Amino acid sequence: MSGGVKSFDMGRGRKRYAPDQQADSAKKAGPPVMQRSRAQIATSYAPGVLMTWEGGRGICKSVPIKRPFAERLPRNVSDSIFEGVREFAESWKERAKEGCPDAPDEFILDDAFYDLATKEVRVNQTDFELNQPNVVGYVPYPLLFQCGECGSVREYKSVSELATKKLPARCKDHESRWTQVDVVYAHWYGTIEPLSPYNYTFDDRTGTTRQIMHCTCGWQHFTLKNKAPVFSEWKYVCEGCGTPRDLKKAERHVLQKLKTDSSQPGGRTFEWIEIDMLPVSYRASSAFYPQRASFIELRETKVVELMRPTHKDDLLRRLAEIHSIPYQEPTDQEIEAILGKADRADDWDEYTALRRMFQKRPEGAPDRKDLGNAMRKLREGWFDEGLLARGRLESHAIAMAVDIRKDWARKFDPIRLTIEHAAFVEEHIQEGQTGPRKTAVDVVNPDITLFEKVGVAGELKRYQSDIQDLFGSTGISQMYLLRSLPICEYSFGYTRVSPTPVYQRESNNRKVAMPVRLVAFDTMRDGGRPIYVTQQKNEALYIKLDEQRVLRWLQRNGVEGLPSNGKELARAYLESYQDFGQFLDRYKNKERQGTSRELAPFLYMLLHSFSHQLIHSLADASGLDRDGIGEYIFPADLAFTIYRKGMTPDLANISAMWRNHALDFLRRSINLRMLRCGSGSLCDSRGGACPACIMVSEVSCSASNLLLSRSVLKGGPAPEWEVPGSADIVGYFDLELGK
């Protein structure tokens, strides 16, 4: 912002500065940039957020700056990111349609996530740029100024316009004192606009929207009366005729679409509350909700490949292998005989030749993937022609689940998670225990960094006995310390007004559902929408529960659909799972839903609650911030990992905690004080959890603090989403279960 005016206030915080260089800044090739931590730029300073810039430069809006990775990210990492974005967008659309069936698709998804021609969710990798969150740009916004003396407002369309026209040194009959108006209009369509008096209208003749830049009397300047403590009492007054007007502004894209559709034959009518924007403070969280996700990085590319619809048979075979489920498929001899009878012996010769070459190629060889695809294409051709019958998994329920899992929320999909868990154990635990520097250490068999007296037989035996006793009390069967767990986190867009796909707007004592639009970050100057990617390698703890104890616990609590032995729990979980949904809506409503005790949600609730209990215990014993500890749950495998999330150098906090406070850490998790709610009987009577006990921040929790209950650990009332009158829950830490 430029000009020869005197210093003026920016924002209601009365920060002052003299704008003397904006004319030159407006001519620069790009906006000024600032540095923050990578985690901050990917979330709280992500493109589109409004903020107060330090140094008194007023309110600004962050804009993306292109910072591509020096080296291309591994294919399995980039594929996982884009697959996650696509599945998030699909789930967003489905959830929005459930709440707002009549909403146009463009009201739900930005065009970066949606193809209007095919009416399908589409995430094209060429439209995006995987970006390092090193810096972010900023520009002054909103460019709406109010005189602190008389309340008169002036609005500019751009920084260059402000630099050219300048704010007047005098306002009416007094010296001006300009401040930015720190309230903006926000809409669930994803837009924000200055709190200006200039509304939009629809021109029936041209079929377009236009902005009304003057009062009915022809005057263009207005005074903002904003002394009242609530927005509903704020008014604009025309400086020409004195006519007041309420704070109302239409969202122009929504106005255009709804007006156009309503004029068509059979077009639906609409309410103005669908169009009108909401006045909110630029500081309010409702002005900007970043959307993000995370995953554990794996070298094994097959994890991503197996999730594709074209690899269904390979996925079924892998599930059978992991969980020892019988799988019948034709043998080589049967295939050769069938192809011979069909006069296709050459096909079999080609297939075996390809297989020999494939087997000779080392993992990661450039042509190994092409050979595998050629083999698969040839084999699939035999199935498609009806020459061969496909292999069959003994579990029809799991085979059906593989078909419908494309509609499941990705982060709770147990089929994906159990495949990831198998690769996780192989790469980060089994391989981590080999080599000169172990990156995975069984805490029962520690190295010298975890137990200084590891070389003293008597001390080691005493340590192992104490740890095993505590494992028996807590129901843990395995625990590993991981020294370098690679976690990838990414943010790809935002929403406004609400963080969920449906916003309930209140109007005349009723609630009307509005679709919330998922918006990708703005396009960068050099093209491409940024996806901010942060990678870290920090310490973690991997925990696996005792299968037989879990089974006894489930039986004591009357859970339906249990197998006869613990080793089949994973299969039972996969067979019984029904989609939780991206936002766990089924377990959100405080009114009892009449849900019986089903295996999948009940078991997930145990693992999730146990994870939170250990996060609190780890924070107390190590000094780490609870908000700096993340979690990743593998429900079918009765396992989870908790890890340090910091982007700063890892100072081995978890190793040091275990070395100095291992027994205290485990004892804390079952300590009666740690199992009590700090809010008295609040959770004791409701069977849930609250911020005073085992809840953690939304940033750290993988399930938005839902499907969470202290009762599953210590015993207590059933959660509120169960059938009214359900029996109290027997806690997993009940001493009887350990016998």
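The following questions and answers concern salt bridges, helix packing, buried residues and backbone geometry in a predicted model.

Me: How many salt bridges does the structure hold?
Reply: Side chains of opposite charge can pair when their charged atoms come close. A pair is counted here when a side-chain nitrogen of Lys or Arg lies within 4 Å of a carboxyl oxygen of Asp or Glu. The number of salt bridges in the structure is 49.

Me: Are the salt-bridge partners Asp413 and Arg405 buried or exposed?
Reply: The side chains of Asp413 and Arg405 meet in a salt bridge, with 2.7 Å from N to O. A residue counts as buried when its relative accessible area is under 20%. Asp413 and Arg405 are both buried.

Me: Which helix holds both Glu459 and Arg462?
Reply: Glu459 forms a salt bridge with Arg462, and their closest N and O atoms are 3.0 Å apart. Glu459 is partly exposed at a relative accessible area of 27%, and Arg462 is partly exposed at 46%. The two residues are 3 places apart, about one turn of the helix, and that helix is α13 (residues 457-474).

Me: Which residue forms a salt bridge with Arg571?
Reply: The partner lies 4 residues from Arg571 in helix α15 (residues 569-576), so about one helical turn separates the two. The N to O distance in this salt bridge is 3.0 Å. The partner has a relative accessibility of 31% and therefore counts as partly exposed. The partner of Arg571 is Glu575.

Me: Which residues are joined into one network by salt bridges that share partners?
Reply: Salt bridges can have partners in common, and such sharing links residues into a network. The residues joined in this way are Glu83, Arg86, Glu87, Glu90, Arg410 and Arg416.

Me: Why are α11 and α15 oblique to each other?
Reply: Two packed helices are described by the angle between their axes and the distance between the axes. The axes of helix α11 (residues 396-404) and α15 are 8 Å apart, and the helices pack at about 50 degrees. That angle is neither under 35 degrees, nor over 145, nor from 65 to 115, so the arrangement is classed by the remaining term. Therefore α11 and α15 are oblique to each other.

Me: How many nonpolar, polar and charged residues make the contact of α11 with α15?
Reply: The crossing of α11 and α15 is left-handed. Ala397, Ile398 and Ala401 of α11 meet Arg571, Leu574 and Glu575 of α15. These residues divide into 4 nonpolar, no polar and 2 charged.

Me: Are α9 and α10 roughly parallel or roughly antiparallel?
Reply: The axes of helix α9 (residues 345-360) and helix α10 (residues 368-384) come within 9 Å and cross at roughly 155 degrees. Angles over 145 degrees count as roughly antiparallel. The pair α9 and α10 is therefore roughly antiparallel.

Me: How many charged residues are in the contact of α9 with α10?
Reply: The helices α9 and α10 cross with left-handed geometry. Residues that make the contact include Asp347, Trp348 and Glu350 of α9 and Arg368, Leu371 and Gly372 of α10. The contact holds 10 nonpolar residues and 1 polar residue, while the number of charged residues is 5.

Me: Is Ala703 buried or exposed?
Reply: Ala703 is placed in the loop between α17 (653-670) and α18 (711-714). Leaving aside neighbours within four places in sequence, Ala703 is in contact with Phe412, Leu584, Tyr604, His608 and Glu631. The relative accessibility of Ala703 is 1%, so Ala703 counts as buried.

Me: What is the relative accessible area of Ser609?
Reply: Ser609 is located in helix α16 (residues 599-622). Not counting residues up to four places away in sequence, Ser609 touches Ile694, Leu707, Leu708, Ser709, Val712 and Leu713. Ser609 is buried, and its relative accessible area is 0%.

Me: What is the phi of Leu707?
Reply: Most residues other than glycine have a negative phi, and most peptide bonds are trans. Leu707 is in the loop between α17 and α18 and counts as buried at 2% relative accessibility. Although Leu707 is not a glycine, its phi is positive, at about 50 degrees.

Me: Is Lys172 buried or exposed?
Reply: Lys172 is found in the loop between β12 (170-171) and β13 (174-175). Lys172 is not a glycine, yet has a positive phi of about 55 degrees. At 53% relative accessibility, Lys172 counts as exposed.

Me: Which residues does a cis peptide bond join?
Reply: The proline of this pair lies in the loop between β9 (135-140) and β10 (144-147). The omega of the bond is about 5 degrees, and the residues joined are Tyr141 and Pro142.

How values were computed: Residues numbered from 1 in each chain as written. Predicted model: local features only at pLDDT ≥ 70, side-chain atom pairs only at ≥ 80, totals over all residues. Heavy atoms only, no water. Buried < 20%, exposed > 50% of the residue type's maximum accessible area, 1.4 Å probe, protein only. Contact = heavy atoms within 4.5 Å. Axes fitted to C-alpha atoms, helices over the stretch in contact; angles between N-to-C directions. Left-handed = near helix turned anticlockwise from the far one by under 90°. Nonpolar A, V, L, I, M, F, W, Y, C, P; charged D, E, K, R; others polar.
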